[in-house]
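Colleague: Could you take a close look at one part of this model for me, and then tell me how the rest fits around it? Plain language is fine, but please give me your cut-offs as you go.

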Amino acid sequence: MRFLPILVLLIGAGVAVGLSSVYIVDERQQALLLEFGRVKKIVNAVEEGRLSAEAKQALEEQGVELVQGPGLYFKLPAPMNTVATYEKRILALETRDLEVTPLDNRRLVVNAFARWRIVDPLRFREAAQTQERGESLLEEILTQDLREVLGKVNSDNILSADRASLMRETRDNSLVRARTLGVEIVDVRIRRADLPEQNLNATYERMQAERQQEAADERARGREAAQVRIAEAERQAIELESEARREAEVIRGEADAERNRIFAQAYGADEEFFAFYRSLRAYENALKGSNSSIVLSPDSEFFEYLGGGTAP
């Protein structure tokens, strides 16, 4: 019985050694097998075709074995062999708010994000050690290239459809420097581009003043157009009224002429009757109303047909 604890201890040690002698590489990961800190094997790395010629040559010179595919692998127990794993998938990186100054000196606060992945885990370990450190170095590269690319154009280009070409240029510039980290940048995009907080009020006031000026110009043009229309309408009204008066005078003259012709014709037919008729019309006009009075001499010609005698 006294050997039982020793046996249990040996079995436990054997299990621990056995467990430390295997490692599993997930299909979403890539791993580095280290022997006393020196890389001996790269497991399930990004496709070999994505490795640069320099990276392949460095692997051969260092005697590093490249093994593709996830699964269960064996190694010597720690500390002789250790395993460092990195993501194989495309990762997201969002930059801090970055203040840039375009050519027109209209400062903008830009927030960008990138998609990237580790294609050379050996170089990535040598340059950054950890994924967090690698993200920090990559963010510095993106920040510098964003400032450089966006500083060569006007702010209108950044806020328009030209943004896509600017982002491709930023990606291409950053891609060259990112290779030194063993990283490939897949894409770069601007999430937002705004004015600095201290400039917003001044910009809003300027925009409001511009809109008010545009409104005043529109009102002035409207008043000018209205005056032109009113003057034209008044001119047309005067012309129409003058034309109407002229036509009325012509018609009135023609009517008077016709009336005079008829009177002359009637007078020529019976002069006595025509004189009598005109006298009656004169009496009618003179004696209008219920209280009319006329003071004339009795022998006036006006009373010729009102006298007691008979008309000649």
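Modeller: I'll start with helix H7 and its salt bridges, then move out to its neighbours and the other elements.

A word on ground rules before we zoom in. This is a predicted model, in which local features need pLDDT of at least 70 and side-chain atom pairs count only at pLDDT 80 or more, while totals for chains, interfaces and linings use all residues. Residues are numbered from 1 along each chain as its sequence is written, and side-chain values use heavy atoms, with hydrogens and water left out.

The protein has 8 helices and 10 strands; these are DSSP runs numbered from the N terminus, with helices being H or I over at least four residues and strands being E over at least two. H7 covers residues 197-269.

Now the charged pairs. In H7, Arg-211 and Glu-214 sit 3 residues apart, so about one helical turn separates them. Their side chains meet in a salt bridge, at 3.9 Å from N to O. By salt bridge I mean a side-chain nitrogen of Lys or Arg within 4 Å of a carboxyl oxygen of Asp or Glu. Arg-211 is partly exposed at 46% relative accessibility, and Glu-214 is partly exposed too, at 45%. (Buried is under 20% relative accessible area, exposed is over 50%, and partly exposed is in between, with a 1.4 Å probe and protein chains only.)

Further along H7, Glu-232 and Arg-235 are also 3 residues apart, so again about one helical turn lies between them. This salt bridge comes out at 2.3 Å, N to O. Glu-232 is partly exposed with a relative accessible area of 33%, and Arg-235 is partly exposed at 37%. Going back to the earlier pair, salt bridges with shared partners tie Glu-210, Arg-211 and Glu-214 into one network.

Why would such side chains pair up at all? Opposite charges on side chains can pair when the charged atoms come close. The whole structure has 19 salt bridges. One of them lies outside H7: Asp-26 and Arg-28 meet at 2.9 Å, N to O. Asp-26 is partly exposed at 28% relative accessibility, and Arg-28 is partly exposed at 43%.

H7 has a greasy side to it as well. Ile-262 is in H7 and is partly exposed, at 42%. Together with Phe-263, Phe-273, Phe-276, Tyr-277 and Leu-280, Ile-262 makes a nonpolar surface patch of about 550 Å². H7 and helix H8 (271-286) are the elements that give two or more residues to this patch, and H8 gives the most, with 4. Patch residues have over 30% relative accessible area and no salt bridge; like charges are joined within 9 Å, and nonpolar side chains (Val, Leu, Ile, Met, Phe, Trp, Tyr) within 5 Å.

Next, the helices that come before H7. The 20 residues of H4 should span 28 Å at 1.5 Å a residue, and the end C-alpha atoms are 28 Å apart, which agrees. (The expected span is 1.5 Å times one less than the number of residues.) Buried residues of H4 include Leu-137, Leu-138, Ile-141 and Leu-142, but also Glu-139 and Asp-145. H6 (163-178) checks out likewise: 16 residues should span 22 Å, and the ends are 22 Å apart. Its buried residues, among them Leu-166, Met-167 and Leu-175, pack against H4, helix H5 (155-158) and strand S10 (183-194).

Just ahead of H4, Gln-129 sits in the loop that follows helix H3 (121-128). Its phi is near 70 degrees, a positive value in a residue that is not glycine. Most residues other than glycine have a negative phi. Gln-129 is partly exposed, at 43%.

For a strand, try S7 (91-94). Leu-91 and Leu-93 point to one face and are buried, while Ala-92 and Glu-94 point to the other and are not. Such alternation between the two faces of the sheet is what a regular strand shows. S7 runs antiparallel to S9 (108-118), joined by 4 bridges; two strands pair if DSSP finds at least two bridges between them. Ala-92 has Arg-115 as its bridge partner in S9.

Finally, the overall picture. Buried residues make up 28% of the 312 residues. Of contacts (heavy atoms within 4.5 Å) with a separation of 6 or more, 66% come from residues 24 or more positions apart. The accessible surface is about 20800 Å², with 54% belonging to carbon and sulfur atoms; areas come from the Shrake-Rupley method with a 1.4 Å probe, and for residues only the protein chains shown count as cover.
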